[in-house]
Amino acid sequence: MEPKTPSESRTLMTDMVLPSETNPLNNLFGGELLARMDRAASIAARRHSRRITVTASVNHVAFNQAVPVGSVVTVEAAVSRAFRTSMEVFIDVWMEDRFNGEKSKVNEAIYTFVAVDDSGKPTAVPELKPESALEIQRFEAALRRKQLSLVLAGKMKPKDATELKALFMN
């Protein structure tokens, strides 16, 4: 399999926040935003793997700013690292100011997807070749996040988490 770049998986979904999607404060429900992020990340993972993908975990979500009704929201997702059968997808959420059109980053998340074959069994995915400084930073951090997750789940011994040890020993 030929390696792919994050730009080959980049997915942009833009939509407006409607009243039925908001809480009593007229801000977008967190669950609605999670669903939007999951859909965009799923498309990015599928573009990278060209397989059916399933959400394995939501590793990080930061609701940094409320998104009011009527706002234009863009969810941007791209694969940040590919492992054997799984892919980490980094998601940035942007809001366009209703009055002046300025865009600002309001939320972010990191999801993990697994590629599966037609019978639902995990299948190999292409490697990822980051290009930009941000893509390289996210690529390198993904291995530390994976090792931390494995250690916390008891699937890796702390002494074997080389990337994490390097982070704390230097």
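A pocket, as the word is used here, is an open set of grid points where a 1.4 Å probe fits, with protein on both sides within 12 Å along at least five of seven lines. The model described is predicted.

**Largest pocket**

The largest pocket has a volume of about 360 Å³. Its lining is made up of 15 residues, and Ser57, Asn59, Thr112, Lys146 and Ser149 are the ones closest to the centre. Two or more lining residues come from each of β2 (52-63), β4, β5 and α3 (133-152). Helix α3 supplies the largest share, five residues. Sorted by class, the lining holds six nonpolar, five polar and four charged residues.

**Second largest pocket**

The second largest pocket holds about 180 Å³ of space. It is lined by 13 residues, of which Arg10, Ala78, Leu134, Glu135 and Arg138 lie closest to the centre. The elements giving two or more residues to this lining are β3, β4 and α3. Here β3 gives the most, with five residues. The lining divides into six nonpolar, two polar and five charged residues.

The two pockets are set out below.

| Pocket | Volume | Lining residues | Top contributor | Classes in lining |
|---|---|---|---|---|
| Largest | about 360 Å³ | 15 residues | α3, five residues | six nonpolar, five polar, four charged |
| Second largest | about 180 Å³ | 13 residues | β3, five residues | six nonpolar, two polar, five charged |

**Nonpolar core**

The largest nonpolar core has 27 residues, and the members that touch the most others are Met37, Met87, Val89, Ile91 and Val93. Two or more of the core residues come from each of α2 (30-49), β3 (72-82), β4 (86-96) and β5 (103-116). Helix α2 gives the most, six residues. Strand β4 thus appears in the core, in the lining of the largest pocket and in the lining of the second largest pocket.

**Glutamate 108**

Glutamate 108 is placed in strand β5. Its side chain makes a polar contact of 2.7 Å with the side chain of lysine 105. Leaving aside residues up to four places away in sequence, glutamate 108 touches His60, Val61, Ala62, Phe90, Ile91 and Asp92. One of these, Ile91, is also among the core residues that touch the most other members.

Note on methods
Residues are numbered from 1 along each chain as its sequence is written. This is a predicted model: local features need pLDDT of at least 70, side-chain atom pairs count only at pLDDT 80 or more; totals for chains, interfaces and linings use all residues. Side-chain values use heavy atoms; hydrogens and water are left out. A nonpolar core is a set of buried Ala, Val, Leu, Ile, Met, Phe, Trp, Tyr and Cys residues joined through side-chain atoms within 4.5 Å. Buried means under 20% relative accessible area, exposed over 50%, partly exposed in between (1.4 Å probe, protein chains only). On a 1 Å grid over the protein atoms alone, a cavity is a set of points where a 1.4 Å probe fits but cannot get out, and a pocket is an open set with protein on both sides within 12 Å along at least five of seven lines; lining residues have an atom within 4 Å of a point. Grid points are joined across faces, edges and corners, and a volume is the space filled by probe spheres set on the points. Ala, Val, Leu, Ile, Met, Phe, Trp, Tyr, Cys and Pro count as nonpolar, Asp, Glu, Lys and Arg as charged, and the others, Gly among them, as polar. A polar contact is a pair of N or O atoms within 3.5 Å; within protein, one must be able to donate a hydrogen and the other to accept it, and residues adjacent in sequence count only if both atoms are side-chain atoms. Contact means heavy atoms within 4.5 Å.
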